[in-house]
Structures are given as structure tokens and as C-alpha cells.
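Please look through the sequence and the 3D structure shown below, and keep both at hand while working through the exercises.

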Amino acid sequence: MGANDERIKGKGEEIKGKIKGAAGDMIDNEQMEAEGRAEELKGRARQDAAKANERARGAGEELKGRVKGAAGDLIDNEQMEAEGRAEELKGRARQKANE
């Protein structure tokens with residue numbers, strides 16, 4: 001299951017929890033309200049975990065790109081250096097998208 005799937009499921013849990021909590025509040029059912037709040041928090045946590053996983057993946061891509069770029073520079077291979085730079089930028093973009 002991909003990170004986007006986890007984020008979507010987490011958002012669904014969060015929304016479901018908000019609705020359940022609001023319904024519990026409206027009918028003055030404290031247990032239902034508390035269960036809704038717990039589901040909401042569980043959904044947020046699921047989303048945060050997916051984002052953290054993607055940030056880590058991006059950091060790995062960035063590091064790999066830096067190493068590849070440096071190796072390309074060292075052996076004077078422009079293509080390798082450019083590929084490394086592209087991987088580095090891809091990693092940075094993945095991290096930025098999951099802040």
C-alpha cells in the first residue's frame with residue numbers, strides 16, 4: 001500500500017471521527033463523542049506516519065543523488081553527474097511535498 005493510499009485512508013478516518021464526534025455532541029452522548037475524537041486522532045496519526053515515511057524516502061533519494069552526482073563529477077562523467085542532480089532534486093521535492 002502506497003503512501004497516498006495511507007494518507008487517503010487516514011483522512012477518511014479523520015472525517016469519520018469528526019462526524020461521529022459531532023453527532024455524539026449533538027445527542028449528548030459522551031462516549032460517542034470520545035470515540036469520534038479517538039478516530040479523528042487515529043486518522044491524523046495515520047496521515048502523519050505516511051508523510052514521515054515519504055520524507056524519509058525523499059531524504060534517501062536526495063543523498064543517493066548527491067553521491068551519484070559527486071561520483072560523476074569525480075570521474076568527469078557529465079551524464080552521471082546530471083542524473084545524480086536530478087535524483088537529488090526529486091528527493092528534495094518529495095520531502096517538500098510531505099511537510
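What follows is a set of exercises, each with a worked solution.

The model is predicted, and for that reason local features need pLDDT of at least 70 and side-chain atom pairs count only at pLDDT 80 or more, while totals for chains, interfaces and linings use all residues. Residues are numbered from 1 along each chain as its sequence is written, and side-chain values use heavy atoms, with hydrogens and water left out.

**Exercise 1. The surroundings of E13**

Task: Find where E13 is placed, decide whether E13 is buried or exposed, and list which residues E13 touches.

Solution: Begin with the element, which is helix α1; helices are DSSP runs of H or I with at least four residues, numbered from the N terminus. Next comes the accessible area, for which the terms are set as follows: buried means under 20% relative accessible area, exposed means over 50%, and partly exposed lies in between, with a 1.4 Å probe and protein chains only. E13 has a relative accessible area of 19% and is therefore buried. Last come the contacts, meaning heavy atoms within 4.5 Å: when residues up to four places away in sequence are not counted, E13 touches E39, E40, K42, G43 and R46.

**Exercise 2. Salt bridges between helices**

Task: State how many salt bridges the rule gives, and work out which helices are tied together by the pair R46 and E6 and by the pair E13 and K42.

Solution: The rule asks for a side-chain nitrogen of Lys or Arg within 4 Å of a carboxyl oxygen of Asp or Glu, and by this rule the count comes to 24 salt bridges. One of them joins the side chains of R46 and E6, at 2.7 Å from N to O. Because R46 lies in helix α2 and E6 in helix α1, this pair ties together parts that are 40 residues apart in sequence. R46 is partly exposed at 25% relative accessible area, and E6 also counts as partly exposed, with 21%.

The side chains of E13 and K42 meet in another salt bridge, at 3.9 Å from N to O. Here E13 belongs to helix α1 and K42 to helix α2, so the pair links parts that are 29 residues apart in sequence. K42 counts as exposed, with a relative accessibility of 55%, whereas E13 is buried at 19%.

**Exercise 3. A further salt bridge and a network**

Task: Describe the salt bridge between K96 and E99, and name which residues are joined into one network by salt bridges that share partners.

Solution: In the pair K96 and E99, the closest N and O atoms are 3.6 Å apart. Turning to accessibility, K96 is exposed at 58%, and E99 is exposed at 63%. As for the network, salt bridges with shared partners join K11, E14, K18, R37, E40 and R44.

**Exercise 4. Sequence distance and distance in space**

Task: For A52 and A3, A93 and E62, and A38 and Q79, set the separation along the chain beside the C-alpha separation.

Solution: Start with A52, a residue of helix α2 that is partly exposed at 34% relative accessible area; A52 and A3 are 49 residues apart in sequence, and their C-alpha atoms are 9.5 Å apart. Then take A93, which lies in helix α3 (residues 78-97) and is partly exposed at 45%; A93 and E62 are 31 residues apart along the chain, with 9.2 Å between their C-alpha atoms. Finally, A38 is placed in helix α2 and is partly exposed at 44%, and A38 and Q79, which are 41 residues apart in sequence, have C-alpha atoms 51 Å apart.

**Exercise 5. Two loop residues with positive phi**

Task: Locate D28 and D76, and give the phi of D28 and of D76.

Solution: D28 is found in the loop between α1 (3-26) and α2 (30-74), where its relative accessibility of 67% makes it exposed. Although D28 is not a glycine, its phi is positive, at about 60°. D76 sits in the loop between α2 and α3 and is exposed at 66%; D76, too, is a residue other than glycine, and its phi is positive and near 60°.
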